[in-house]
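This report walks through one protein chain and its ligand, beginning with a single helix and moving outward to the whole fold. Please keep the sequence and the structure in view while reading.

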Amino acid sequence: MTLDEYILQHIDAEGDYLHALWRDTQLRLSYGQMASGHLQGRLLKMLVQMIKPLKVLELGTFSGYATLSMAEGLPEGAEIHTFEVFDENEDFLREWFEGSAYKDKIHLHIGDALQLLRQMEEQWDLAFIDADKREYVAYYEMLLPMMRPGGYILADNTLWYGRVVEKARESDLQTRGVQAFNDLVASDNRVEKVILPLRDGLTLIRVKA
Ligand SMILES: C[S@@+](CC[C@H](N)C(=O)[O-])C[C@H]1O[C@@H](n2cnc3c(N)ncnc32)[C@H](O)[C@@H]1O
């Protein structure tokens, strides 16, 4: 048995619905491994339960696995807005969101998160950055003024297959994007931060009140 298998046997089950979504993601979408999956999904749900946010934002929906995991932990009256630029995923996403117990809490926006979010005047309690790695700095700078003081930003893939410790080629814009984001957050006194070496790296950021 691998350590990963051992962990999954000793944490909460993901549940039938998310398990079926994971399988459907692998069957019908390309790059199915981008979905958060069992372990990160349970962590996201637990973080939501701890933070008790009323307004949650997700940049990069993909197949909706993280969206539905976070929706499970939301308190009464809370909602999650999720943004996906790849419109070919829209039918898949609407089917899985509509069929879920959380359909009334989930708002799917199809389009570029950077453009669409600028038009919204919400204040967010929790934001999950998980879209284009080249744009992480832009997402962060746009989001910070939109966050409630004391709110949280989670950023996924911040260790980027371990490549963040290497000197990135000039053409490797994704690694460079994640490195620039990590450097920016590390030196930003407006926030507290910690990186969890979970999966591909998950940074937890608290916006100081
Ligand atoms: C890693 S996947 C998201 C996985 C999902 N959050 C989860 O944990 O299950 C990244 C997604 O971001 C989307 N994306 C990339 N750039 C985007 C943008 N500018 N606006 C919205 N979505 C974007 C991609 O199409 C892709 O589906």
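In this predicted model, the residues Val178, Gln179, Phe181, Asn182 and Val185 of helix α8 are buried. Around the helix axis they cover an arc of only 160°, which puts them on the same side of α8. The partners against which these buried residues of α8 pack are α7 (136–143), β5 (147–156), β6 (191–196) and β7 (202–207).

A second helix, α2, can be described in the same terms. Its buried residues are Leu18, Leu21 and Thr25, and, seen down the axis of α2, they fall within an arc of 55°, so they line one face of the helix. An α-helix has 3.6 residues a turn, so residues three or four places apart point the same way. On the other side of α2, Asp16, His19, Arg23 and Leu27 are exposed, whereas the cover over the buried residues of α2 includes α3 (37–51), α4 and α5 (90–98).

The lengths of the two helices can be set beside the span expected at 1.5 Å a residue.

| Helix | Residues | Number of residues | Expected span | Span between end C-alpha atoms |
|---|---|---|---|---|
| α2 | 16–28 | 13 residues | 18 Å | 18 Å |
| α8 | 173–186 | 14 residues | 20 Å | 20 Å |

For α2 the expected and the modelled span agree, and for α8 the reach from the first C-alpha to the last is close to the expected value.

Turning to the ligand, there are 19 residues around it, of which Ser36, Gly60, Phe62, Ala66 and Ala113 come nearest. The elements that give two or more residues to this shell are β1 (55–59), α4 (65–73), β2 (79–84) and α6 (113–118). Helix α4 thus appears both in the shell around the ligand and in the cover over the buried residues of α2. By class, the shell has 12 nonpolar, two polar and five charged residues.

As for the chain as a whole, it has eight helices and seven strands. Its radius of gyration is 16 Å, close to the 17 Å that the globule rule gives for 209 residues, so the chain is as compact as a globular protein of that length. The C-alpha trace spans about 45 × 40 × 35 Å along its principal axes, and buried residues make up 37% of the 209 residues. Among the contacts with a separation of 6 or more, 70% are accounted for by residues 24 or more positions apart.

Terms used: Residues are numbered from 1 along each chain as its sequence is written. This is a predicted model: local features need pLDDT of at least 70, side-chain atom pairs count only at pLDDT 80 or more; totals for chains, interfaces and linings use all residues. A residue is near a molecule or strand if its C-beta atom, placed from the backbone, lies within 6 Å of it. Helices (H or I, at least four residues) and strands (E, at least two) are DSSP runs, numbered from the N terminus. Ala, Val, Leu, Ile, Met, Phe, Trp, Tyr, Cys and Pro count as nonpolar, Asp, Glu, Lys and Arg as charged, and the others, Gly among them, as polar. The expected span of a helix is 1.5 Å times one less than its number of residues. A residue is buried if 20 or more other C-beta atoms lie within 10 Å of its own, exposed if 12 or fewer, and partly exposed in between; C-beta atoms are placed from the backbone. The arc is that of the directions from the helix axis to the C-beta atoms. Two residues are in contact if their C-beta atoms, placed from the backbone, lie within 7 Å. The radius of gyration is taken over C-alpha atoms; the globule rule is 2.2 Å times the number of residues to the power 0.38.
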